[in-house]
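I am keeping these entries as a record of what I looked up, one topic at a time. The structure comes first, and my notes follow.

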Amino acid sequence: MRLFSLTQVKTLGRYATFSIFLLLLASACSTGANTAAPPQNTACTALASSSASHGSGSAILANVALPGKTFKAVATSDGQWIFVSFNGNDAATSGIAVLHEQGSQICLQHVIPLSGMPFGMTLSHDDRILAIADYSNVAFMDVAQAERGTKGALLGYVPEHPSSSTIEVALSPDEQDLFAANENDGTVSVIDFQRIRAHDFSAHALIGQLPLGVAPVGMAISPDNRFLYITSEADKSLSSSTQAAKMCGGYPQGSLSVAAIARVRQDPAHAIIARAASGCGPVRVVLSPSGTLAWVTARGNNAVLTFDTTRLITNQKNARLASTTVGTAPVGAALIDKGSVLVVANSNRFLQPYTPQHLTVLNTKQALDHKAAVLTSINVGDFPRELTLEANGQTLLLTNYNSQTLSIIDVSKLPGAFSS
């Protein structure tokens, strides 16, 4: 579907590689009105019937094979189109897969190569622009053209440093600011999203950068657009006891930082208003629907930590409310059913990165009450990485990085969901 812009010759070569991959995939389905992609280049995966069976074991409706290591998936608000970032060892295996739901099938319509390594993504609220963390850039795509597979899909890039490892992006609710986490630089960039809408990708689009700890990765924005929460895997600015450092393998504890969004444009260097110790290697953060609770996956602790977001600013010593043990090296997390259930992707990325792992499903109230909170475990692929809840609240998208697959999960079949 798309890109074909700044590096036309390289793009054509990559497209040839993708075509060979698609021809080897099993079943083909009609492309319908999407005539941009030839029928022989479309591969489909059947979706299991949601009424065929019950229980958490049947929650996975499909596992869609993709041409590279899958990082993040996002869906349009109607759930009809899914974009998956994937990357590999070279430029020919890095890009965006464009999937289309066609009745009882998910069809891989086409792929769009990118010049860097695509990681995290987010969609504008009107589903018109896709923003992609692309290692040394933030790339922007026109969603409608991406769906059709036309050459104008790639709108442009806002460059970061060559080795920034820009890994995640988050868009403010008012769509004024796009935040990009630069893992290698220890910063979060602030991008003027209204300039992006006006197709201005000049240096003026980059407003500034927020200074963070080591390896800032996960981000979440409060529903009222007041605060940005950011995880850093290690933070030397925190006073850390010898015991805490020993617990984290000799490294400082990580942090959960809070940035005041009202300050990020005027004074980004001083927009961080709070930092709290967040265990060993915190990598993702998700907020409750009200924004009053922050759930952080502490990868080095094999746990999920829960914070009171008000206390993060006013009473940091008492901000942590709970720590709940999950699987090995948790990364992605998603809240479902109005925040009553938390699903966690246990990656085990350091010990068994090429072995099937599992999701942990938690009752959040039980976790906060320090009671047995684990509802079930669900077997998934190798290195489950990111979880994204579709807008309808009924479907979870899971990227299995080393399995090179996307899992489609029926939320209604998870225990504890929609039980009230």
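**Entry 1: disulfides**

I began with the cysteines and found that the count comes to 2 disulfides; I note at the outset that the model is predicted. A disulfide is a covalent bond between the sulfur atoms of two cysteines.

The pair I looked up at the start was Cys44 and Cys107, which are joined with an S to S distance of 2.1 Å. I then read the torsion about their S-S bond, which is about 105°, so I entered this disulfide as right-handed. Cys44 lies in strand β1 (residues 43–46) and Cys107 in strand β6 (residues 105–113), so the pair ties together parts that are 63 residues apart in sequence. For burial I used the cut-off of under 20% relative accessible area. Cys44 has 6% relative accessibility and therefore counts as buried, and Cys107, at 0%, counts as buried too.

I turned next to Cys248 and Cys280, where a disulfide is again found with an S to S distance of 2.1 Å. The value about this S-S bond is -80°, and the link is left-handed. Cys248 lies in the loop between α4 (242–247) and β17 (255–260), while Cys280 lies in the loop between β18 (272–277) and β19, so this link ties together parts that are 32 residues apart in sequence. Both Cys248 and Cys280 are buried.

**Entry 2: strand β19 and its hairpin**

Having met β19 at one end of that loop, I asked how many residues of strand β19 are buried. I found that 6 of the 6 residues of β19 (residues 282–287) are buried, so the strand is largely enclosed by the rest of the structure.

I then followed its pairing, and saw that β19 and strand β20 (residues 293–298) pair in the antiparallel sense over 5 bridges. The bridge partner of Pro282 in β20 is Ala298. The hairpin of β19 and β20 has 5 residues between the strands, and there Gly291 takes a positive phi near 80°.

**Entry 3: strand β9 and its neighbours**

I made the corresponding check on strand β9 (residues 137–142), where 6 of the 6 residues are buried, so β9 is largely enclosed by the rest of the structure. I also looked at the two faces of β9 and found both covered, with Asn137, Ala139 and Met141 buried on one side and Val138, Phe140 and Asp142 buried on the other.

Which strands are joined to β9 by bridges? Strand β8 (residues 129–133) is joined to β9 by 5 bridges and runs antiparallel to it, with Ala131 standing opposite Phe140 in β9. β8 and β9 form a hairpin with 3 residues between them, and in the turn I noted that Tyr135 has a positive phi of about 70°. Strand β10 (residues 154–159) is likewise joined to β9 by 5 bridges in an antiparallel arrangement, and here Met141 stands opposite Leu154 in β10.

**Entry 4: positive phi outside glycine**

I looked further at backbone angles, bearing in mind that most residues other than glycine have a negative phi. Ala215 has a positive phi near 55°, and I located Ala215 in strand β15. With 10% relative accessibility, Ala215 counts as buried.

Asn348 has a positive phi near 45°, and its place is in the loop between β24 (341–346) and β25 (356–363). Asn348 is also buried, with a relative accessible area of 5%.

**Entry 5: the largest pocket**

I then asked which residues lie closest to the centre of the largest pocket. The volume of this pocket is about 1400 Å³. Of the 42 residues that line it, the closest to its centre are Lys72, Thr122, Val286, Thr388 and Leu389.

Sorting the lining by strand, I found that β3 (69–75), β7 (121–123), β11 (166–171), β15 (214–221), β19, β23 (330–336) and β27 (384–389) each supply at least two residues. The largest share, 5 residues, comes from β23.

**Entry 6: rings and charges**

I closed with the aromatic contacts, and recorded that the structure holds 4 aromatic pairs. I also looked up a charge placed over a ring, and found the charged end of Arg385 over the ring of Tyr401, 4.6 Å from its centre.

Technical notes:
Residues are numbered from 1 along each chain as its sequence is written. This is a predicted model: local features need pLDDT of at least 70, side-chain atom pairs count only at pLDDT 80 or more; totals for chains, interfaces and linings use all residues. Side-chain values use heavy atoms; hydrogens and water are left out. Rings of Phe, Tyr and Trp (its six-membered ring) pair if their centres lie within 6.5 Å; planes under 30 degrees apart count as stacked, over 60 as edge-to-face and the rest as tilted. A charge sits over a ring if NZ of Lys or CZ of Arg is within 6 Å of the ring centre and within 35 degrees of the ring normal. Buried means under 20% relative accessible area, exposed over 50%, partly exposed in between (1.4 Å probe, protein chains only). Helices (H or I, at least four residues) and strands (E, at least two) are DSSP runs, numbered from the N terminus. Two strands pair if DSSP finds at least two bridges between them. A disulfide is a pair of cysteine sulfur atoms within 2.5 Å. On a 1 Å grid over the protein atoms alone, a cavity is a set of points where a 1.4 Å probe fits but cannot get out, and a pocket is an open set with protein on both sides within 12 Å along at least five of seven lines; lining residues have an atom within 4 Å of a point. Grid points are joined across faces, edges and corners, and a volume is the space filled by probe spheres set on the points.
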